Protein chains: 2
Amino acid sequence: MPRTSDKREKLVTAAKSLIHRQGFHRTTLADIASEAKVPLGNVYYYFKTKEEICEVVLEERKQDLQRLIGDCCRNSNPKANLKRFLRCLMDDSNQVAECGCPHSTLCQELRKISSPLSDRAEGTLQVLIDWAVEQFRKAGVPRPKSTGFEFIARVQGTMLLAHTLHDPRRMKQQIKVIGTWLDTL
Amino acid sequence: MPRTSDKREKLVTAAKSLIHRQGFHRTTLADIASEAKVPLGNVYYYFKTKEEICEVVLEERKQDLQRLIGDCCRNSNPKANLKRFLRCLMDDSNQVAECGCPHSTLCQELRKISSPLSDRAEGTLQVLIDWAVEQFRKAGVPRPKSTGFEFIARVQGTMLLAHTLHDPRRMKQQIKVIGTWLDTL
DNA sequence: GTCTATATGTTGATAGAC
DNA sequence: GTCTATCAACATATAGAC
């Protein structure tokens, strides 16, 4: 028996996965409890409300993203960092084609409700944009703000279409196109 | 009293608007009935299920899109058609920043459920992609399939970020960037 | 800390009067 | 065709035993 219970962690992991696959609204607390193998009533010992679980999921997603872009910055060549980021996306293309980008699909869903969660969601994608802008600035590309936004818009649009069309192949092709564009800047 | 009731039409109009603003799952039949000023129980005279309403909304959205791209094709210059399309998007930037693209936000939401609706959603964005591909083909641009996909991905990514960040200004800027890119092809 | 049982509220859907 | 009343199912949340 662990010194501290791992139930909370299990619940968050289950919620992350289920929210990605089904969306926030369609995911019930019973779903989460069941996937985490925790009795339903016990959920409320760890979280006051369903929204609080989502808040924690959002925070973890943000940290995942920060870890990912941190891993992409292993050296000081900003364009190589962006390329490594594209490579990571390609590796995820099957899951993205099935369930969409875990960050932006949740953002769009939460944006349609009036709740503190809605504003929280904004932060995750902003992290991504800020990082891209910084890479372009370091690379000496003209108008780094606009170019960074453009880069993330292209990446997100590609994932959106891949999800809607359930097509990982075209996602990979399109990411290659974005990589080629990077080389011309 | 009209020869045929306009209640069904009112219900669809209300559903279209509410689903765009709140999403499909958060929109209740009571919401729809209330906005259409139709008693709740009466809804089931016109539609068997909630999903059936959504099906009709999807169909109308598709027709709206076909009408829009039809209007953009007033002459035979394919690049001018694409530019007119971008202009239409700019005119919608405030609403997009608030509620997202009415087509793709619904597609992404429906993609996360297992229902015939999920596959129906795919068709709407495919209409858009097919049109763009056709314009690039007519314009003699190399690899029109890839370029058409790229064009819609950029447009959709731009709207996704505009929605998440609630920022119509950056949406307009980014659409201009896409227009400039069009000129270089 | 953990769990069962259940309260409470909402929603999709139906029955049946008019 | 229109509407009121209501059902049945489900989801969030709580009470309280252990």
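Trainee: How do the residues of the lining of the largest cavity divide into nonpolar, polar and charged?

Mentor: In this predicted model, the largest cavity encloses about 280 Å³ of space, and its lining is made up of 23 residues. Among those nearest its centre are A:Gly23 and A:Thr105, together with B:Glu109 from the other chain named there. By class, the lining of the largest cavity divides into 5 nonpolar, 11 polar and 7 charged residues.

Trainee: Which element gives the most to the lining of the largest cavity?

Mentor: The elements that contribute two or more residues to this lining are α1 (7–22), α4 (50–71) and α7 (102–111) of chain A, along with α7 (102–111) of chain B. Of these, the one that gives the most supplies 5 residues, and that element is α7(A).

Trainee: Which residue of chain A lines the second largest cavity?

Mentor: The second largest cavity holds about 50 Å³ of space, and its lining has 4 nonpolar, 2 polar and 3 charged residues. In chain B, α1 (7–22), α4 (50–71) and α7 each supply at least two residues of that lining, including B:Lys16, B:Val57 and B:Leu106. From chain A, the lining residue is A:Lys112.

Trainee: How many disulfides are there over all chains?

Mentor: A pair of cysteine sulfur atoms has to lie within 2.5 Å to count as a disulfide. The sulfur of B:Cys72 has its closest cysteine sulfur in B:Cys88, at 4.1 Å, and is therefore too far away for a bond. Over all chains, the number of disulfides is 0.

Trainee: Is B:Cys72 buried or exposed?

Mentor: A residue counts as buried when its relative accessible area is under 20%. B:Cys88, at 25% relative accessibility, is above that cut-off and so counts as partly exposed. For B:Cys72 the relative accessible area is 1%, and this cysteine is therefore buried.

Trainee: A phosphate oxygen of DNA strand D is 2.9 Å from a polar backbone atom of which residue?

Mentor: There are 14 residues around DNA strand D, and A:Leu29, A:Tyr44, A:Lys50, B:Asn42 and B:Tyr46 come nearest; sugar and phosphate account for 77% of the atoms of the strand that come within 4 Å of the protein. Polar side-chain atoms of A:Tyr44 and B:Asn42 lie 3.3 Å and 3.0 Å, respectively, from a phosphate oxygen of the strand. The polar backbone atom at 2.9 Å from a phosphate oxygen belongs to A:Lys50.

Key. Residues numbered from 1 in each chain as written. Chains lettered and ligands numbered in written order. Predicted model: local features only at pLDDT ≥ 70, side-chain atom pairs only at ≥ 80, totals over all residues. Heavy atoms only, no water. Buried < 20%, exposed > 50% of the residue type's maximum accessible area, 1.4 Å probe, protein only. Near = heavy atom within 4 Å. Polar contact = N/O pair within 3.5 Å; in protein donor to acceptor, adjacent residues only side chain to side chain. 1 Å grid on protein atoms, 1.4 Å probe; cavity = no way out; pocket = protein on both sides within 12 Å on 5 of 7 lines; lining within 4 Å. Points joined across faces, edges and corners; volume = space filled by probe spheres on them. Helix = DSSP H or I, 4+ residues; strand = E, 2+ residues; numbered from the N terminus. Nonpolar A, V, L, I, M, F, W, Y, C, P; charged D, E, K, R; others polar.
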